[in-house]
Amino acid sequence: MALAELKELKELLKDLLDKGFIKPSISPLSAPVLFMKKKDSSLRMCNDYRQLNKVTIKNNYPIPKIDDLFYLIQGASHFSKIDLKSGYHQCTRVVLRKMSP
């Protein structure tokens, strides 16, 4: 890995650790990291999860029906708060219900 890529990786990992999106792991499994240049010549981190996905145990549960989801949020006035820069990593859900007198 080039020196510039290593520096970028350290900065990204520190930022994600500070925000709490990732945590240190002692897992023996890992995924390779590579960097691609963006149009503005900054670097974008890419993870190759293909080999990791082959050994991952898949969850087996049905996708919920839309009617059931609408029933769960009935009467809610706020649904989510997304920071657009880091919204990929985490979406905090906030649901406020109307209080009856």
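The following legends describe close-up views of one predicted protein model. In this predicted model, local features need pLDDT of at least 70 and side-chain atom pairs count only at pLDDT 80 or more, while totals for chains, interfaces and linings use all residues. Residues are numbered from 1 along each chain as its sequence is written, and side-chain values use heavy atoms, with hydrogens and water left out.

**View 1. The whole protein has three helices and four strands.** Along the sequence the pattern is α-β-β-α-α-β-β. Helices (H or I, at least four residues) and strands (E, at least two) are DSSP runs, numbered from the N terminus. Of the 101 residues, 6% count as buried; buried means under 20% relative accessible area, exposed over 50%, and partly exposed in between (1.4 Å probe, protein chains only). The protein exposes about 9800 Å², of which carbon and sulfur atoms supply 59%. Accessible areas come from the Shrake-Rupley method with a 1.4 Å probe, and for residues only the protein chains shown count as cover. Among contacts (heavy atoms within 4.5 Å) between residues at least 6 apart in sequence, 28% join residues at least 24 apart.

**View 2. Helix H1 covers residues 3-19.** The 17 residues of helix H1 should span 24 Å at 1.5 Å a residue, and the 25 Å between its end C-alpha atoms agrees with this. The expected span is 1.5 Å times one less than the number of residues in the helix. Just after H1, Gly20 takes a positive phi of about 85°.

**View 3. Lys14 and Asp18 form a salt bridge in helix H1.** A salt bridge is a side-chain nitrogen of Lys or Arg within 4 Å of a carboxyl oxygen of Asp or Glu, and a search of the whole structure finds three. For Lys14 and Asp18, the N to O distance is 3.0 Å. The two residues are four apart, about one turn of the helix. An α-helix has 3.6 residues a turn, so residues three or four places apart point the same way. Lys14 counts as exposed because its relative accessibility is 53%, and Asp18 is exposed at 56%.

**View 4. Asp15 and Lys19 form a salt bridge in helix H1.** Their side chains meet at 3.6 Å, N to O. Asp15 and Lys19 are also four residues apart, about one turn of the helix. Asp15 is partly exposed, with a relative accessible area of 34%; Lys19 is partly exposed as well, at 39%.

**View 5. Asp48 forms a salt bridge with Arg50.** The closest N and O atoms of this pair are 2.8 Å apart. Asp48 counts as partly exposed at 24% relative accessibility, whereas Arg50 counts as exposed at 58%.

**View 6. Ser41 lies in the loop between strands S1 and S2.** Strand S1 covers residues 33-37 and strand S2 covers residues 43-47. Ser41 has a positive phi of about 70°, although it is not a glycine. Most residues other than glycine have a negative phi.

**View 7. A nonpolar surface patch of about 630 Å² includes Phe70.** The patch is made by Ile66, Leu69, Phe70, Tyr71, Leu72 and Ile73. Patches are made of residues with over 30% relative accessible area and no salt bridge: like charges are joined within 9 Å, and nonpolar side chains (Val, Leu, Ile, Met, Phe, Trp, Tyr) within 5 Å. Phe70 lies in helix H3, residues 66-72, and counts as exposed because its relative accessibility is 51%.
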